[in-house]
Amino acid sequence: MLFDSTLSLKHNVQIMKARNFRYIRPDSLQHAYRILEENGGDAVPIAGGQSLLAGLNMRLSAPKLLVDIGGLKELAGQSQRDGTIRLGALTRHGELLQSDLVRKQLPLLAQAAAHIGHVAIRNRGTLGGSLAYADPAAELPACSVALRATLVLGSAAGEREVKAEDFFKGLFETDLRPGELIVAVKFPAPQANTTAGFAELARRRGDFALVGLAAMVSARRDRIEGARLVYFGCVDRAKVAASVSVAVSGLAMPVLDTAAFEREIRQDLTPDDTPGLRAETKLHMATVLTRRVLNSLVMQAAS
Amino acid sequence: MNTNTRSSTGIGARVPRLELQRLLSGRGRYIDDIKLPRMLHVCFVRSPHPHARIVSINVEPAKQARGVEAVLTAADINPRCEPFVGVALHRPGHRSAPQLLLASERAVWQGQPVVAVIADSLAEAEDAAELVAIEWAPLPVVGDQMQAIAPGTPAIHPELDDNVAFDFSLERGEPAKAFAEADYVIEEEFRFERQMAMTLETRGLIADFNPGDGSLTVIHAHQSPFQMQDVFSRHLKIPEHKVRVIAPDIGGGFGMKLNLYVDEMAAVVASMVLGRPVKFCVDRLESFVSDAQARDHRIKARIAFMKSGEIVAMEMDDIAAVGAYGMPMRFNVAEGMMAITITGAPYSFENYKARTRSIYVNKNLIGMYRGVGMPLACIATELLTDLAADKLGIDTVEFKRRTYRPKSSLPCITPGGQRLETVSFHECLEKLVELIDYDALRKEQRKLREKDVFRGLGIATFCEQTAYGPPYYGPSGAPISTQDGCNLRLEPSGSVRCVTSLTDQGQGTLTGIAQIVADTIGVSIEQVGVIGGDSSISPYGGGAWASRGMAIGGEAALRAGTMLKHNILALAGTITQTPPEALDIIDGQVVNTRTGQPVISLADVGRIGYFRQDTLPPDHDVQLSVSASFVGNDKMYYMANGVQASYVEVDCETGFIKVLGQWAVDDCGRVINPLLVDGQVRGGIVQGIGAVLYEECIYSDDANLLNGTMADYLVPMADEMPDIVVAHVETPEASTKLGAKGIGEAGLIGAMGSVWVAVNDALKPFGARVRHQPFTPERVLDALARARSGRR
Amino acid sequence: MTDLVGHEDVDIEATLNGKPLKRRVKARQHLADFLRQELELTGTHLGCEHGICGACTVLIDGRSVRSCLTLAAQISGKSVDTIEGLSQSGRLADLQKAFIERNAAQCGFCSSGMLLTAYELVSTGEAASRAEIREYLSGNMCRCTGYHAIIDAVEAVIAARTAGARQS
């Protein structure tokens, strides 16, 4: 869901030129914090702008001031220290695909990034932007929860850290407070026996998924030991599907029968009917996808 | 035709388009690229309701906004334009309420324009449009055709007393008896959702009314400048010779830019009111609620056949929702009429019954879009015959071989009323079978089914009416010209300038015309310059629609070329004192055919013809500019045909469908340029695949559009589309010298048919059938679930 | 004094088609409108203005970008290339030739975006399968050609470029 397309039709005018706003390019992160503090709710940060600008063009939102944080060096960069990988908020989706560090240590992110939009979108869109926007159909929020990431949030008052699973509060809603920015995301290096699994059902390459699954699974001798399954596209936010994760643990692989977790899928996932897709169909698709992702891990292990 | 000198750029050659270097360098000139001095921009305030009464409109705050020149309502605009009544006179009983430019008392579809805001820039017009306050009182909504015809549903237009725009039936032979006595009858229901043409460039125009001389120039992204010249003149009461319509580069048309739109007319009126140029470019969101849409049919169809394999009868019952008014000029009966008249055309059978109804609903108007009703006929025919073959235990290809109309029966009139003269069903089928290695594909399909991989192979035969003639549009009362024309002038330097009445939205028509002119005269294509799309300078004509450009405009170019060549040779004969019969033009040189020697260059002919007439005998009449027009007076249409195949895989767990391969064998008559023809076929095919698998305007039950963005309306993109193999059978049209029939819609028609059949072929092991287009994953899964529960 | 409120007009300094550009732009104007309306570089087209169709694709610092989802103000300090510049410099010549030979454009409205995305791909110097080319171009809508000819053209250019690289 990029935006609620019915919104624009409920207006009298179908519009494609943004309302007037002011623009500022802060010199430093501290400067950005001061601007955000000074302008309160009137100010909206912009980095890649790949979701924000589409909404502005349609006048679905009307900030008074755009704060361009895209050039702030403090928000860029990737590093690894003491078993933690730190990705700056400005890490672009395309970099997730290219980065050796990400591909080696966080393959889930690299797998997911390949499904985000198209090359031109991945060249601009950022990790921090995707998490802050908190689209329930987006890939990266789900991956960050599956990977037990911690978000570093900064403001004029200083920095604080929030676990990804606590960060996403609801539909397009996060724990970000007024004046706060995502500075970086910290990922614990996955344990040796866990494997990343990712799949989504999208009508076209790069579309938002009807249903998607980001999974971290530990397995031993063809049996699932533990799983952390995070669905997107069919819940209001990125969160661990706790019952399904428990239900699949202990299953022999390959999983042939989905009965062991069908009930739990209904318990954890509460999709709404959307135009052209009933909730019931999404649940069925989530079930199929779960089995496929789990079994793809067997294939991965075998190869 | 200069067959003895056929060059690498003449008729039949793969000539790259002359326009492409310009278009590929960013030097195209589309409507929104053009600026005129003192030009204003208009933005429309539209109804957010499918049906509502206007209680009040307050435009005062908008008038005060920065950059605003005027804010115009129905009271300002409507009286200046004769209302449109989209009724076809040759269809008895067809009716529509008159359509005014801006909604005045009530709006009858979501998106109907209400207020025009005109400002210095589009952004400022939009700023001000947001300030227009309209108070609405919503009225009961007629959401679809079934509701619209249910007893007790109020009429959208009270003066029509019900919602039926048109109700037409036909019967040939004794269908009731044939159905009763048949060994087998198979019945299916088909549902086609609404879709968009979705040209990448949206609609647009710049209207420039000049109060100084009362003239109107409209630069218009339109497929038929002559149609619009007539409309502007007639409805705005401007003498026709003072109206000029120019089509610049156009970013795709597909029929959608052939229709007539009230917002476009209102923009022209705004230019007349203000005496300044006004630009109106539809933005993408607006296109969803204002472009003419297509399809929206519910069809029941039956086939009756015997154990012997003989088809004895077919029946079609079509109910189409056509929006809130009849589409002016182009009407809204065409899809239904084509669907029922073309159904069954390739097959031998005698008994036929059909009915089509066009029904008003509170939705945007249905208009022309590539294929019109022809794909619906193809789908119904090919799915039913494929199922009939299955029932008989006959391979579907073998069934087609046996039941296609034999060549020996041509010419003939089908039970639906189609005249078939030079069709080539059998040749196309055999070529296709070879092309796809049919038996190998079937074998692979069977093997994979054992591994729970469900693939389907669909073959679809189609007829394509092209190039409608005067018997088709003439009786409708609409001033739509089905002729085209061509002016040619030998330039003094020996090159040739051509002005055609055609337009080009990317088909490459202008290059095709250049090929014909070059070939006919005997010069290379580099020596020919072609322009089109200007109603003031070329002979009168129809433009580019209904797959007609090359067939009609090409024939006119051929005739003009023949005339010019004749005049050149006459002059060359006089200059060189040689009988013209002994001369020919080869590679830009006049040649003595007896000696084979060049006798004079065209440059010298031109130089003498324009500057040294003093050296000619006093009575030699030099005519180096010629004009020719062409129309097939008695021709309803030409009839192209072809066969396509789709190979698909259905993921029966998720309902996702992947098209693995697509093949087309097409007979469009004489192929002028295979590069262009293949482009038309492939482009049409992808629109056809899009229609069957992806494209749908999703409406709520009460007619609110739910997916009005390009993120939500799914157009096929490169990653999902297959490679497409194209081959040809050439059976020239017999009634013209050129022999071209037309190709614009064939790809779409055949692909829609073959994908429908292929997907349902894949689902056969489950006994499941999907009949609701587009075939979304959910509809496929629902079909499988119905089959599992014993329903079909 | 440190600016904390920003402006509706923004000064930018950038490189456009290889030449320095110094302008004052409207904060709300996206890059496509700036190019088209202010600089009259109309070769960059607008098909949807919400980031789906790819018609407005330009290069920023050599990477393909949707100019409808980028503010003109955001290009300051960056290098922007459009269809006009890349055509004039001859950098698109082999792609344009391949597109023309195979009729990989009809109405031409998608072509600028398609060429620039393809240019980014062929500039990597790496081989790509037809499937990979299709995926790379999957964000650029073409309503006319059916894509096949476009894939043919890009495939041919990649083949020629990689063969050229092997020889040299």
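Me: How far apart do the C-alpha centres of domain 1 of chain C and domain 2 of chain C lie?
Reply: Keep in mind that this is a predicted model. The domain assignment splits chain C into domain 1 (9-86) and domain 2 (92-167). Taking the C-alpha centres of domain 1 of chain C and domain 2 of chain C, they lie 22 Å apart.

Me: Which residues in domain 1 of chain C lose the most area to domain 2 of chain C?
Reply: Let's start with the contact: 19 residues of domain 1 of chain C touch 13 residues of domain 2 of chain C. Together the two domains bury about 1,300 Å², with 57% of it on carbon and sulfur atoms. On the side of domain 1 of chain C, three residues together make up 39% of what is buried, and they are His45(C), Ile83(C) and Leu86(C).

Me: How many salt bridges does the rule find across the interface of domain 1 of chain C and domain 2 of chain C?
Reply: Look at Glu120(C) and Arg63(C), whose side chains meet in a salt bridge at 2.8 Å, N to O. Arg63(C) falls in domain 1 (9-86) and Glu120(C) in domain 2 (92-167). Across the interface of these two domains of chain C, the count is 1 salt bridge.

Me: What area is buried between domain 2 of chain A and domain 3 of chain A?
Reply: Chain A is divided into domain 1 (5-68), domain 2 (73-188) and domain 3 (194-302). The centres of domain 2 of chain A and domain 3 of chain A are 22 Å apart over C-alpha atoms, and 25 residues of domain 2 of chain A are in contact with 21 residues of domain 3 of chain A. Carbon and sulfur atoms give 60% of the area buried between them, which is about 2,000 Å².

Me: With which residue does Glu165(A) form a salt bridge?
Reply: Between domain 2 of chain A and domain 3 of chain A, the count is 1 salt bridge. Glu165(A) lies within domain 2 (73-188) of chain A. With the closest N and O atoms 2.9 Å apart, its partner is Arg228(A).

Me: How many salt bridges does the rule find across the interface of chain B and chain A?
Reply: This contact takes 48 residues from chain B and 35 residues from chain A. About 3,400 Å² is buried between the two chains, 54% of it on carbon and sulfur atoms. In chain B, the residues that lose the most area to chain A are Leu285(B), Glu653(B) and Glu778(B). Glu653(B) also forms a salt bridge with Arg292(A), at 2.8 Å between the closest N and O atoms, and for the interface of chain B and chain A the rule finds 10 salt bridges.

Me: Which residues in chain B lose the most area to chain C?
Reply: Here 50 residues of chain B are in contact with 48 residues of chain C. The area buried between chain B and chain C is about 4,100 Å², and carbon and sulfur atoms give 57% of it. Together accounting for 19% of what the chain B side buries, the residues are Leu24(B), Leu200(B) and Met717(B).

Me: Which residue of chain C forms a salt bridge with Lys35(B)?
Reply: Across the interface of chain B and chain C, the rule finds 7 salt bridges. In the pair with Lys35(B), the closest N and O atoms are 3.1 Å apart, and the partner is Glu40(C).

Me: Where in chain A is Lys17(A), the partner of Glu49(C)?
Reply: The side chains of Glu49(C) and Lys17(A) meet in a salt bridge, 2.9 Å from N to O. This pair crosses between chains, with Glu49(C) in the loop between helix 1 (31-38) and strand 3 (57-60) of chain C. On the chain A side, Lys17(A) sits in the loop between helix 1 (5-10) and strand 1 (22-24).

Me: How do the residues divide by class where helix 11 of chain B meets helix 20 of chain B?
Reply: Helix 11 of chain B and helix 20 (residues 746-762) of chain B pack at an angle of about 35°, with axes 8 Å apart. Among the residues in contact are Met374(B) and Glu382(B) of helix 11 of chain B, plus Trp756(B) and Asn760(B) of helix 20 of chain B. By class, the residues of this contact divide into 10 nonpolar, 2 polar and 2 charged.

Conventions:
Residues numbered from 1 in each chain as written. Chains lettered and ligands numbered in written order. Predicted model: local features only at pLDDT ≥ 70, side-chain atom pairs only at ≥ 80, totals over all residues. Heavy atoms only, no water. Domains from an automatic or database assignment. Contact = heavy atoms within 4.5 Å. Buried area = accessible area lost by both parts, 1.4 Å probe. Salt bridge = Lys/Arg side-chain N within 4 Å of Asp/Glu carboxyl O. Helix = DSSP H or I, 4+ residues; strand = E, 2+ residues; numbered from the N terminus. Axes fitted to C-alpha atoms, helices over the stretch in contact; angles between N-to-C directions. Nonpolar A, V, L, I, M, F, W, Y, C, P; charged D, E, K, R; others polar.
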